[in-house]
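I opened this notebook to keep a record of what I looked up in the model, chain by chain. The entries below are in the order in which I went through it.

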Amino acid sequence: MNKLIRIFVGTFLIILIAFPFYWVLISSFKPSDQILSPDLWPETFTLVHYVELLEQTPYLTNLFNSVFVAGMTMVFTVLIVIPAAYGIFRFQFIGRNFLFRLILASYIFPGVLLLVPVYQLMSDLGLVNSLWSLVIINVTFAAPFAVWLMRGFFDAIPTELDEAASIDGAGPMKTLFLIIIPLIKPGIATIAIYAFVLAWTEFTFASILITEDSQRVLTTGMNAIMGQYTVRWGWTTAGAVLTVIPVLIFFAFVGRYFVRGLASGAVKT
Amino acid sequence: MNADNSTVKASKAASEPMPSKPKWMIWKTIFPYLLVFPIVFWILVTIFIPLISVVRESFYDTGFAGSAGEFIGLTNYINVLTSSAFWSSSGRSLIWVLGNGLLQTVLAFSIALLLNNNRKISNIARTWMVIPWIVPTIVVAIFWQWIFNGSYGILNAILINTGLIDSSINFLGNPSLTLPIIIFINSWNWFPFLAVVLLAALANIPEELYEASAVDGANRIQTFRFITIPSIAPVTFAIGLVGTLWMFNIFDLIWVLTEGGPAGYSTTLPVQIYQTAFRQYAVGSASAMSVITALILVIFATLFIKFAAPKE
């Protein structure tokens, strides 16, 4: 009986999670005259939607813009989060707790409240319609949570190692590079993928800060492709598949670390 | 080899005292600040300085973002607080937060209890169940818009074929269905995160506690009530606070699916702020709304911490 319930709930959850992926993938291979009929398996397969999407829409431009924004967000997040986490989790200094709370407070902050002033800030800096404006704001939203995630990884390294290094005459920077960084590689992978995914999926700021077609990223570009052509489901489903694939590939490589990192960060609240 | 090395270094450190101690002390004092400076600077410039400008704009009749308005005192606040649209949006935000919290808790708890064991399949599933959370919002919207489509969505086809309904339902275009359906879609997007956190908390409960309660003859419900729930209380408290604020702030999914429609029936506060600022071009009014919203959230967080914090 108990086992039956487990199987039933398990099957339900698997269908709930997997079916939308399956359905969009299958639909994207159906020719235009079949795509609107609800067959679970297509009568004929076609790649025409993918070809048209790449040839007739700015999909590829949007893709390159997204890769740039997500890549840069990843680099800058890692560059500012590692020193910050090292400082907060390895040193005692006045204002340490306050800073940690300040950083945490900012990651629960309503993004929409910041839309107007951030638009003004970017317009003052001349960065409206520049991909850098998205990099800047994505780092803002990725970095605080990333600091929180690093906590579990830093706590896992015994402080005796740092002390041993300093007795051996290593300065704090040398300790960071020779002792800490090699040991927190999974943590770095975790925050890197988190920053990448956050930037890859960000929509709200991209819809306000970027208005030129040539600078659009995938999320807002897909929205435009959907809206512009009174929902061409062939293009829309093909675009959805192509947008998800990079995330899945990334996840296949570092997903384990990512979930472990989330978990170890989560129980250390 | 190793031992040799360390003795050499140790003796070296002993024979040479720390050079110029005060300088070294100063360096040690400022060093942590240098480490945290970049992130603090970044956050100050992109969050806290803009925040100040929101407060300022809320006292001006600014129209377009970027244009200059005139000082009008509290007029924006009075207009917002006396508009029925603001209060309906607040009500919908409340439904949104409660609905998401409930549904995600149910889904996340089911999956967490199912996977909280050491079977190989559970280990793999624990990683891959996260997938809905990392899918871009726009794709989540496409997935479910395609399934829920009012004319040729598969859900309508299934419901009609099984004889449950006679004609297609326009799920997202129906005033009474639109918000619950977006809540469902958003929960699909977010429950994996909650599940990861719950699984981590469950895995952290010492096995001895369960053994002890078994020795005491506790049944499964008692074990769940008196061992599991109290053990994960600190984590659920933290995630309850952060998650509520995160859910409250969701904007993009609703915007992509319905833009707050039909006729405002899915307009939560963040959607209304966006519409006011970027569709009605009333930045002053939107800023006042933002300030009021931020205050509501601060009050909520304070009360939550005061009354829901687990007893030590």
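What follows are my entries on the two chains, beginning with chain A.

**Entry 1: overall view of chain A.** I note at the start that this is a predicted model. I counted the elements of chain A and found 12 helices and 0 strands, so the order from the N terminus on is simply α-α-α-α-α-α-α-α-α-α-α-α. Along its principal axes the C-alpha trace of chain A spans about 75 × 65 × 30 Å. Of the 269 residues in chain A, 57% are buried. I also looked at contacts in chain A between residues at least 6 apart in sequence, and 73% of these join residues at least 24 apart.

**Entry 2: annotated spans in chain A.** I looked up the UniProt record, an unreviewed entry, which places the feature "transmembrane region" at residues 7-26, 63-86, 98-119, 131-154, 175-197 and 233-259 of chain A. I then checked two of these spans against the model. Residues 7-26 of chain A are 100% helix and 0% strand, with end C-alpha atoms 26 Å apart. Residues 63-86 of chain A are likewise 100% helix and 0% strand, and there the end C-alpha atoms lie 34 Å apart.

**Entry 3: α3(A) against α8(A).** How do the axes of helix α3 (residues 59-90) and helix α8 (residues 172-183) of chain A cross? I found that they come within 12 Å of each other and cross at roughly 100°; since angles of 65 to 115 degrees count as roughly perpendicular, α3(A) and α8(A) are therefore roughly perpendicular to each other. On the α3(A) side the contact is made by I82(A), Y86(A) and R90(A), which meet P172(A), T175(A), L176(A), I180(A) and I181(A) of α8(A). I sorted the residues of this contact by type and obtained 6 nonpolar, 1 polar and 1 charged.

**Entry 4: α9(A).** I asked what span the 17 residues of helix α9 (residues 185-201) of chain A should have. At 1.5 Å a residue the expected value is 24 Å, and because the end C-alpha atoms are 24 Å apart, the model agrees with it. The helix is also mostly covered, as 14 of the 17 residues of α9(A) are buried.

**Entry 5: annotated spans in chain B.** Turning to chain B, I found that UniProt, again in an unreviewed entry, gives "transmembrane region" for residues 30-52, 94-115, 127-147, 181-205, 226-248 and 288-309. The annotation "domain: ABC transmembrane type-1", also from an unreviewed entry, covers residues 90-304 of chain B. In the model, residues 90-304 of chain B are 75% helix and 0% strand, and their end C-alpha atoms lie 18 Å apart. I checked residues 94-115 of chain B, which are 100% helix and 0% strand with end C-alpha atoms 31 Å apart, and residues 226-248 of chain B, which are 100% helix and 0% strand and also have end C-alpha atoms 31 Å apart.

**Entry 6: two residues of chain B.** Is S285(B) buried or exposed? S285(B) lies in helix α14 (residues 283-308) of chain B, and because its relative accessibility is 18%, under the 20% limit, S285(B) counts as buried. Leaving out residues up to four places away in sequence, I found that S285(B) touches N76(B), V80(B) and T276(B). G99(B), in helix α4 (residues 84-115) of chain B, is partly exposed, with a relative accessible area of 23%. I noted finally that G99(B) and S187(B) are 88 residues apart in sequence and 8.9 Å apart in space, C-alpha to C-alpha.

Conventions:
Residues numbered from 1 in each chain as written. Chains lettered and ligands numbered in written order. Predicted model: local features only at pLDDT ≥ 70, side-chain atom pairs only at ≥ 80, totals over all residues. Heavy atoms only, no water. Helix = DSSP H or I, 4+ residues; strand = E, 2+ residues; numbered from the N terminus. Expected span 1.5 Å × (residues − 1). Buried < 20%, exposed > 50% of the residue type's maximum accessible area, 1.4 Å probe, protein only. Axes fitted to C-alpha atoms, helices over the stretch in contact; angles between N-to-C directions. Parallel < 35°, antiparallel > 145°, perpendicular 65-115°, else oblique. Contact = heavy atoms within 4.5 Å. Nonpolar A, V, L, I, M, F, W, Y, C, P; charged D, E, K, R; others polar. UniProt positions renumbered as here; feature names shortened; annotations may be inferred.
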